Structures are given as structure tokens and as C-alpha cells.
Amino acid sequence: MFNIDFNGEFAAFFIFSAIMIIGAVLMVSLQKVVHMVISMAGVFLGLAGMFVLLDAEFVAFVQVLIYAGAVSILMIFGIMMTNHQAAKADPVKPLHETLAAIAALCLFGILFYAIRMTDFPDAQPMPAILDNTSGIGELLYTGYVVPFELLSVLLTVAFIGAIAIAKKGADQ
Amino acid sequence: MLPSYLTMAAILFCIGLYGALVKRNAVIVLLSIELMLNAVNLNLVAFSKYGVVPSLTGQVFALFTITVAAAEAAVGVAVLIALFRARGTVNVDEFDEMRR
């Protein structure tokens with residue numbers, strides 16, 4: 001059914017997926033928010049390892065820089081700027097949590113069924129690319145130059161907007 | 001190997017969905033959304049290697065997604081800080097004006 005051959009890639013995949021699932025489950029089950037962010041950083045690092053397995057070295061290092069570095073630190077900033085002291089236990093809503101768990105499990109069941117039922121055709125051999133990074137760079141500056149520039153504008157606008165929003169209340 | 005990667009991405013997406021639905025702290029809700037976006041990235045990169053026509057396009061799409069997710073995280077945290085200044089809390093249960 002699963003027809004997986006146990007080679008090195010499978011072992012590495014198993015280790016990385018164990019790291020990611022443990023980190024994600026810890027993220028939803030830990031009590032303190034800072035611990036949640038740290039376990040999330042573990043998930044991001046595991047995902048970077050999985051990108052390396054998939055021959056996407058550049059994306060892997062971008063993942064480490066942006067997610068494990070910037071986004072985690074940004075979230076810790078957000079927690080520190082808001083009320084990280086509020087360690088009081090929230091009133092639990094068993095019905096709400098149960099319904100959310102059922103929804104997530106149903107979605108996973110549907111996705112898993114679809115993945116298992118789909119017959120993925122064999123991939124053509126990957127065209128020989130000498131260097132992952134230079135290949136991505138050429139593609140970004142030839143075929144995808146317009147989306148690339150639009151994204152640069154979006155990122156600039158978003159960061160200036162973030163500064164403006166966060167600063168507005170500070171000078172009162 | 002492709003179904004394994006897709007299943008892994010589905011697991012991550014569902015955990016992120018559960019976290020986004022259940023967690024009260026808005027920062028953790030943002031983090032759960034990041035987890036869901038990461039699962040999508042894993043799908044894109046997996047198809048860029050194991051898809052029918054392997055190419056680098058999937059990795060370029062993943063880079064675009066990472067960029068948009070970074071912008072989203074920055075704006076989200078800024079909005080949360082402004083909300084915290086105005087209301088003194090980041091508990092998502094207390095932001096329910098639109099419901100009344």
C-alpha cells in the first residue's frame with residue numbers, strides 16, 4: 001500500500017517529520033506563549049531540513065532566515081509588547097475545542113483520502129540544473145520579473161504600514 | 001515519496017487550523033496561520049521535485065509565498081500592538097463588537 005523503500009531519504013524524512021509534528025503538537029498544547037513560539041521555531045527548522053531533502057537549498061536557507069529568524073523574533077516581540085504576564089488559565093470551552101478538533105480531523109481525513117486515492121504519474125527526470133540558487137535567480141529575473149517587482153512594492157508598503165500602525169498610538 | 005510529503009503537509013495544515021480555531025492569544029493565532037502557509041510551501045516544493053514536470057517554478061512560488069507571509073506577519077503584529085494599546089488585551093474572544 002505505501003510502497004516506500006527504506007533508504008537514506010526516507011530516514012531523513014522520518015526524522016524531520018517527527019521533529020515537525022512534535023513541534024506543532026507542542027505548539028498547540030503548551031501553556032506559555034513564549035514556549036509555543038520556541039517550539040514553532042523547531043517546526044520551521046524541520047521544514048528547512050525537508051526543503052534540503054527536496055533539492056531546494058535556496059528555499060531552505062530563506063526558510064531559516066525568514067521564518068526561524070525573523071518571524072519567530074517578530075512573534076516574540078509581539079508577545080513582549082502585549083501581555084505576556086497573563087498566565088492565568090483561560091476558561092476552557094470544551095464544546096468549542098471539540099468542534100475545532102473534529103473539523104481539523106475531518107479535513108485531514110478528506111485530504112489523506114484524496115492523496116491515497118490519487119494516482120501520481122511518474123515524474124520526468126529533473127532537468128539538470130547546475131546550481132539551485134543561480135537557477136532560481138535566473139528564473140526570478142527573466143520569467144517572473146513582474147511578480148518579483150510587485151512583491152518588492154508589497155513588502156515595502158507592508159513594512160511602512162506596519163511601522164505607521166504600531167507608532168500611531170505610541171505618541172499619545 | 002510524493003504522497004509522504006503531501007501527507008506531512010496535510011498534517012501540518014490541520015494542526016495549524018486547529019491552533020487557529022482554538023487558541024485565544026492573537027499572537028498564537030497568527031503563528032498558526034504561519035504554520036498553515038508553511039504547509040502550503042512544502043506542497044509547492046514537493047511538487048517542484050516530484051511533479052509530472054519537475055522544474056524550479058514551484059520553488060519560486062514558495063519564495064513568493066514566504067515573502068507575502070512575512071509581510072502578513074509584520075502587519076499582523078503591528079495591528080495587535082495597536083489593538084493592545086487601545087484595549088489592553090490580545091484575547092481574541094474580547095474583540096466581538098461586530099457580533100453585537
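Me: Which residues in α6(A) meet residues in α3(B)?
Reply: This is a predicted model, where local features need pLDDT of at least 70, side-chain atom pairs count only at pLDDT 80 or more, and totals for chains, interfaces and linings use all residues. Residues are numbered from 1 along each chain as its sequence is written, chains are lettered from A and ligands numbered from 1 in the order in which they are written. In α6(A), the residues include P147(A), L151(A), F159(A) and K168(A), and they meet a set in α3(B) that includes F64(B), A71(B) and A82(B). Being in contact takes C-beta atoms, placed from the backbone, within 7 Å.

Me: Why are α6(A) and α3(B) called roughly parallel?
Reply: Their axes, 8 Å apart, make an angle of about 10°. Angles under 35 degrees count as roughly parallel, so α6(A) and α3(B) get that label.

Me: What classes do the residues of that contact divide into?
Reply: There are 17 nonpolar, 2 polar and 1 charged. Pro counts as nonpolar, Lys as charged and Gly as polar.

Me: Why does the largest nonpolar core lie between domain 1 and domain 2 of chain A?
Reply: Domain 1 (1-87) and domain 2 (129-172) both give residues to this core, so it lies between them. The core has 75 residues, and its largest share, 14 residues, comes from α2(B). To belong, a residue such as Leu or Val must be buried and joined through C-beta atoms within 7 Å; buried means 20 or more other C-beta atoms within 10 Å of its own.

Me: Which element gives the most to the side of chain B that touches chain A?
Reply: α3(B), with 21 residues.

Note on methods
A residue is buried if 20 or more other C-beta atoms lie within 10 Å of its own, exposed if 12 or fewer, and partly exposed in between; C-beta atoms are placed from the backbone. Helices (H or I, at least four residues) and strands (E, at least two) are DSSP runs, numbered from the N terminus. Domain bounds come from an automatic or database domain assignment. Axes are lines fitted to C-alpha atoms, for helices over the stretch in contact, and angles run from 0 to 180 degrees between N-to-C directions. Angles under 35 degrees count as roughly parallel, over 145 as roughly antiparallel, 65 to 115 as roughly perpendicular and the rest as oblique. Two residues are in contact if their C-beta atoms, placed from the backbone, lie within 7 Å.
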